[in-house]
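Student: Please take me through one part of this model closely, starting with the aromatic side chains and then moving to whatever they lead to.

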Amino acid sequence: MITYVAEYLGTFLFLGVIRATSGSPIWIGLALAVAVYLTAGLSGGNLNPAVSIMNLALGAMSASQTALYILSQVLAGLTVAAVIPKVL
């Protein structure tokens, strides 16, 4: 369970910074580095459905685990869209 919470929170942090900073490359890179650093030991720091699918294809994750990772990541994205105002 902690792995999915870590994926949710890491993805929330990453996408939240993207949304709040209007896509500033420095802040995006820093947010990604911090999010991966904080979640790598708990969940592997995927933070992206494409990475989760790649791990499935490589046999590093099961299909059910991949589905739960993707669900966590998508829910984080939807939460960010709902609670963090977009900066233009």
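Tutor: Tyr8 and Phe12 both sit in helix α1, four residues apart, which is about one turn of the helix. This is a predicted model, and every value below is computed from it. The count of aromatic pairs comes to two. One of them joins Tyr4 and Tyr69 in an edge-to-face arrangement, with 5.5 Å centre to centre and 90° between the planes. Tyr4 belongs to helix α1 (residues 2–21) and Tyr69 to helix α4 (residues 63–83), so this pair ties together parts that are 65 residues apart in sequence. From C-alpha to C-alpha, Tyr69 and Tyr4 are 6.0 Å apart in space. Tyr69 counts as buried, at 3% relative accessibility, because the cut-off for buried is under 20%.

Tyr8 and Phe12 form an aromatic pair that is stacked, with 6.4 Å centre to centre and 20° between the planes. The angle qualifies as stacked because planes under 30 degrees apart are classed that way. Tyr8 is partly exposed at 24% relative accessibility, and Phe12 is also partly exposed, with a relative accessible area of 26%.

Tyr69 leads on to helix α4, where it is found. Helix α4 has 21 residues and reaches 30 Å from its first C-alpha to its last, close to the 30 Å expected at 1.5 Å a residue. Its buried residues are Thr66, Tyr69, Ser72, Gln73, Ala76 and Val80. Seen down the axis of α4, these buried residues fall within an arc of 125°, so they line one face of the helix. Ala63, Ser64, Leu78 and Ala82 are exposed on the other side of α4. Tyr69, the α4 partner in the edge-to-face pair, is therefore one of the residues lining the buried face.

Thr66, also among the buried residues of α4, gives a link to another helix. The C-alpha atoms of Met54 and Thr66 are separated by 9.6 Å, and the two residues are twelve residues apart along the chain. Met54 lies in helix α3 (residues 49–57). Unlike Thr66, which is buried, Met54 counts as partly exposed, at 44% relative accessibility.

Going back along the chain from α3, the loop between α2 and α3 contains Leu47. The phi of Leu47 is near 60°, a positive value in a residue other than glycine. As a general point, most residues other than glycine have a negative phi. Leu47 is buried, with a relative accessible area of 5%.

Helix α2 brings us to the surface. Leu13, Trp27, Leu30, Val34, Tyr37 and Leu38 form a nonpolar patch there, with about 640 Å² of accessible area together. Five residues of this patch, its largest share, come from helix α2 (residues 25–43). Trp27 has its place in helix α2. With a relative accessible area of 48%, Trp27 is partly exposed, because the exposed class begins over 50%.

To put the aromatic part together: the Tyr4 and Tyr69 pair ties α1 to α4, with Tyr69 buried, whereas Tyr8 and Phe12 pair within α1, with Tyr8 partly exposed and Phe12 partly exposed as well.

Notes:
Residues numbered from 1 in each chain as written. Predicted model: local features only at pLDDT ≥ 70, side-chain atom pairs only at ≥ 80, totals over all residues. Heavy atoms only, no water. Phe/Tyr/Trp six-rings, centres within 6.5 Å; stacked < 30°, edge-to-face > 60°. Helix = DSSP H or I, 4+ residues; strand = E, 2+ residues; numbered from the N terminus. Buried < 20%, exposed > 50% of the residue type's maximum accessible area, 1.4 Å probe, protein only. Patch = residues over 30% accessible without salt bridge, like charges linked within 9 Å, V, L, I, M, F, W, Y side chains within 5 Å. Areas by Shrake-Rupley, 256 points an atom, 1.4 Å probe, with all protein chains shown as cover. Salt bridge = Lys/Arg side-chain N within 4 Å of Asp/Glu carboxyl O. Expected span 1.5 Å × (residues − 1). Arc of directions from axis to C-beta.
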